[in-house]
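Here are my notes for anyone opening this one for the first time. Have the viewer ready and follow the points in order.

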Protein chains: 2
Amino acid sequence: MESKVEIPIPSSELLIRATAVKQASVLLAQNTDDQRKSALFAMADALSSSTNEIVDANQEDLKRSKKAGLNNALLSRLKLDHNKLDNSIKAVRQLAALEDPIGITQLHRELSNGLYLKRITVPLGVLGVIFESRPDAVIQIASLAIRSGNGAILKGGSEAKFTNEALVQALRKGLKLSEVPEDSICLLTTRKESLSLLKLEKMVDLIVPRGSNELVRFIQDNTRIPVLGHADGICHLYIDSDVDLKQALEIAIDSKCQYPAACNAIETLLLHENIAPSFLELALPAFKKKGVSIVGDERSQKLGVSSNADESDWSTEYLDLKLAIKVVPSIEEAISHIRRYSSRHTDAIATNNQNSAQKFLLSVDSSGVYHNCSTRFADGFRYGFGAEVGISTQTLPPRGPVGLEGLVTYRYFLQGEGHIVSDFASGEKSFTHNDL
Amino acid sequence: MESKVEIPIPSSELLIRATAVKQASVLLAQNTDDQRKSALFAMADALSSSTNEIVDANQEDLKRSKKAGLNNALLSRLKLDHNKLDNSIKAVRQLAALEDPIGITQLHRELSNGLYLKRITVPLGVLGVIFESRPDAVIQIASLAIRSGNGAILKGGSEAKFTNEALVQALRKGLKLSEVPEDSICLLTTRKESLSLLKLEKMVDLIVPRGSNELVRFIQDNTRIPVLGHADGICHLYIDSDVDLKQALEIAIDSKCQYPAACNAIETLLLHENIAPSFLELALPAFKKKGVSIVGDERSQKLGVSSNADESDWSTEYLDLKLAIKVVPSIEEAISHIRRYSSRHTDAIATNNQNSAQKFLLSVDSSGVYHNCSTRFADGFRYGFGAEVGISTQTLPPRGPVGLEGLVTYRYFLQGEGHIVSDFASGEKSFTHNDL
């Protein structure tokens with residue numbers, strides 16, 4: 001998506017549809033945990049009994065997109081066969097088993113005799129979800145939304161139009177048989193609507209983008225609604241002077257090669273000058289064997305790296321078997337390089353020195369800071385969240401891999417017996433502030 | 001401030017100063033709780049030994065501003081006498097006594113044997129603070145920042161220029177005697193710098209505005225940096241049909257009159273039609289006695305309200321002894337009015353009916369939702385936070401009255417022994433996800 005696109009004013013049709021979701025979300029926020037769980041099962045059942053229609057619709061989309069010249073990588077992401085669909089439906093049922101993120105009391109305090117304050121988690125309201133290609137995202141996001149008590153306005157890519165329509169139709173059919181309002185979920189179908197969604201500040205509480213870095217960056221640059229996600233994932237591994245070289249190499253290889261297209265794969269390896277020669281002696285043949293092409297700064301080139309890294313390499317997310325290497329004179333230089341170029345996703349240090357580790361952990365302001373392990377662990381499922389809504393690289397919470405808790409907020413409930421502030425100002429009553 | 005002002009590109013001088021604060025903040029993040037506490041005492045001591053210079057500088061500002069025709073309300077906010085200053089210094093020492101918001105472990109989990117995940121609170125980094133008139137805000141914000149491990153770039157109004165300079169000079173003198181870097185705090189002095197501050201996305205992590213609704217709205221509209229604060233405070237009290245009329249009236253009077261210029265005072269009173277006649281019979285003379293001028297919808301005018309409320313009244317924050325009244329046929333209508341016009345600050349219901357209360361509490365999506373008590377309780381000190389950074393009306397956390405926790409974020413620390421994801425993908429190792 002080009003960054004210069006003009007965002008159109010929301011059409012009255014979009015406003016009507018968004019209002020329906022907003023109103024449904026008010027009722028949904030009052031549904032109990034059991035009602036939301038049952039709704040997920042009803043959604044899963046409805047999907048199960050519509051698998052043929054859904055796969056047929058997907059075949060249509062694939063045929064159309066092939067004709068339109070969509071490349072193979074995108075076609076494979078677009079494809080939703082029975083197997084993929086069954087797995088997605090299974091995931092919906094698993095989500096029902098996760099602990100309810102709503103109604104959790106985060107604070108319970110007696111402010112004064114008879115005056116009680118509670119801070120309780122509540123749904124955000126309405127999610128605006130914009131995703132590319134992968135139609136299984138519809139199932140995942142819709143079920144995450146209902147589990148967390150949120151309405152969702154979904155906008156998928158036009159190449160998956162028929163599949164998305166079949167999916168949302170089944171999901172709404174399921175909701176209709178549950179106590180969660182059917183209108184909690186709606187699908188937008190035109191590109192124009194998708195863009196206007198970014199302007200619905202009063203109706204949409206959070207935008208969740210699923211797609212390329214370009215899509216995410218475009219959305220971040222064109223909306224005032226909070227966006228949960230990240231554009232780049234520029235992750236680093238710094239190998240300190242006091243280190244187990246073999247272990248460090250295993251971490252480096254895993255961080256780069258285990259799945260290079262992932263956002264948590266490293267793009268840059270920083271080497272302390274003391275270990276750079278011996279490390280590269282081991283690492284260069286190992287990376288070559290893995291098919292990794294390497295660029296490096298001047299010092300690493302003297303140690304055998306054959307291609308030159310220029311300034312732009314330090315801020316490029318290759319998403320591929322390519323790695324940039326830099327030799328640094330100190331941990332301070334490594335930290336300062338990371339603070340400058342990191343996208344604040346995940347950065348790691350390999351060291352045997354506890355002081356260096358501590359310094360690194362406190363000074364690198366990324367959402368994940370790792371010691372002696374692969375950056376590839378940055379993931380909601382690996383963290384044990386049971387679901388991942390997205391990975392956020394912003395400074396404010398929620399950041400890092402975000403589970404269901406990223407789809408909730410809280411409200412302060414204050415319950416009194418006619419309490420008024422004048423009585424406290426006059427000294428007639430006083431605050432106790434007892435946590436309960 | 002006009003909303004059409006062009007935000008200037010940050011000057012190199014501003015960039016140099018902001019970089020110094022950013023770099024200081026990296027060191028500050030490594031200071032211990034005791035070091036930050038001692039720094040607060042040093043700041044308080046330095047202020048104490050400079051009170052004469054500060055009060056003299058304030059006299060200069062007052063003289064200048066009087067000449068320039070500043071109105072009395074603003075002059076009184078600008079004034080910083082020995083008494084006010086002593087109280088501010090006392091508050092700095094009290095802040096040191098608050099529990100450290102940094103280093104709190106929010107999650108501690110074994111992901112697998114030898115692989116440990118911790119989520120720990122850390123400072124945000126650098127706060128950009130823009131405030132009007134009240135120079136005591138400098139002391140409060142600077143000490144909140146240091147307590148929470150954050151650097152702060154401060155920009156005050158030009159009318160308080162000399163006072164602010166004297167204050168920051170003293171604060172930095174205090175820091176110099178402590179282990180917290182002196183550069184953690186800096187003061188910007190020109191309006192141009194203040195505006196450019198809004199563009200320093202890479203250097204400033206949170207903007208904290210202190211001032212008029214216009215100032216806050218201007219800032220929200222002109223920066224991509226997160227803003228902690230609220231523009232309007234349009235709060236409601238709804239009086240249900242099943243209610244203790246006398247108690248409800250006391251709550252209404254307190255909510256409107258106890259301090260009408262506060263953001264948590266009500267602007268609109270919604271009355272269930274069943275109690276409207278008897279309530280207004282009691283309330284109209286009571287409000288008159290308190291000097292409250294009242295406007296109302298057609299139905300309330302039939303019950304004795306003498307002036308007409310037009311559409312704009314429902315979205316006006318009077319900040320004054322003025323109240324708009326509307327008669328509604330049901331709690332649903334009250335909720336829908338509130339959802340439409342509320343600024344999501346604080347809204348209250350007076351009712352004896354638990355079902356109505358529950359419905360109200362779940363359906364009104366404001367950051368504070370109250371039952372049988374005054375909206376004036378919405379305040380960090382009354383909530384027992386010991387400090388208030390601001391009140392946020394956004395949907396995402398932090399919202400409502402925000403204490404020190406609003407100035408911190410968290411980081412995921414993962415500590416391994418050479419753990420790599422391949423071993424988990426191959427099934428050689430498995431996740432345990434044991435909370436510790």
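1. Start where the chains meet: H371(A) stands opposite Q415(B), which belongs to β16(B). Keep in mind that this is a predicted model. The strands around that pair are β13(A) and β16 (residues 408-419) of chain B, and they pair in the parallel sense over five bridges.

2. How do the two chains relate to each other? A turn of 180° with a shift of 0.0 Å along the axis lays chain A on chain B, with an RMSD of 0.1 Å. The two copies are thus related as by a two-fold rotation axis. Both copies also use the same surface, since 100% of the contact residues of chain A recur in chain B.

3. Now for the contact itself, to which chain A and chain B bring 55 residues each. On the side of chain A that touches chain B, the elements giving two or more residues are β1 (105-112), β2 (115-123), α10 (245-257), α14 (354-363), β13 (368-373), β16 (408-419) and α15 (422-425) of chain A. Which of them gives the largest share? That is β16(A), with 11 residues. By character, this side of chain A divides into 25 nonpolar, 20 polar and 10 charged residues.

4. Next, look at a sheet that takes strands from both chains. It is open, has 11 strands with mixed pairing, and runs in the order β17(A)-β1(A)-β2(A)-β16(A)-β13(B)-β12(B)-β7(B)-β8(B)-β11(B)-β9(B)-β10(B). Why do β17 (434-435) of chain A and β10 (307-308) of chain B each have one side without a neighbour in the sheet? Both stand at the edges with a single partner strand, so there is nothing beside them on the other side within the sheet.

5. Stay in the chain B part of that sheet for a moment. Helix α11 (residues 276-289) of chain B packs on the sheet, touching β7 (235-239), β8, β9 (293-296) and β11 of chain B, and its direction makes about 150° with that of β8(B). Strands β8 (residues 266-272) and β11 (residues 322-328) of chain B run parallel and are joined by five bridges. One residue pair to click on is L269(B) with its bridge partner I325(B) in β11(B).

6. There is also a four-stranded sheet to find in chain B. It is open and parallel, in the order β5-β4-β3-β6. Here β5 (185-188) and β6 (206-210) of chain B stand at the edges with a single partner strand each, so one side of each is left without a neighbour in the sheet. From one strand to the next, the twist averages 20°. Strand β3 (residues 126-131) of chain B pairs with β6(B) in the parallel sense over five bridges, and G128(B) has I207(B) as its bridge partner in β6(B).

7. Helix α7 is worth viewing in both chains. In chain B, α7 (residues 161-176) lies across β4 (151-155) and β5, running at about 165° to β5(B). In chain A, the buried residues of α7(A) include F162(A), L167(A), V168(A) and L171(A). Buried residues of α7(A) pack against α2 (33-48), α3 (51-67), α6 (136-147), β4 (151-155) and β5 (185-188) of chain A.

8. Finally, zoom out to chain A as a whole. It has 15 helices and 17 strands, and 55% of its 436 residues are buried. Its C-alpha atoms fill a box of roughly 75 × 75 × 40 Å, taken along the principal axes.

Key
Residues are numbered from 1 along each chain as its sequence is written. Chains are lettered from A and ligands numbered from 1 in the order in which they are written. This is a predicted model: local features need pLDDT of at least 70, side-chain atom pairs count only at pLDDT 80 or more; totals for chains, interfaces and linings use all residues. Two strands pair if DSSP finds at least two bridges between them. Two residues are in contact if their C-beta atoms, placed from the backbone, lie within 7 Å. Axes are lines fitted to C-alpha atoms, for helices over the stretch in contact, and angles run from 0 to 180 degrees between N-to-C directions. Copies are superposed by least squares on the C-alpha atoms of residues with pLDDT of at least 70 in both. Ala, Val, Leu, Ile, Met, Phe, Trp, Tyr, Cys and Pro count as nonpolar, Asp, Glu, Lys and Arg as charged, and the others, Gly among them, as polar. A residue is buried if 20 or more other C-beta atoms lie within 10 Å of its own, exposed if 12 or fewer, and partly exposed in between; C-beta atoms are placed from the backbone.
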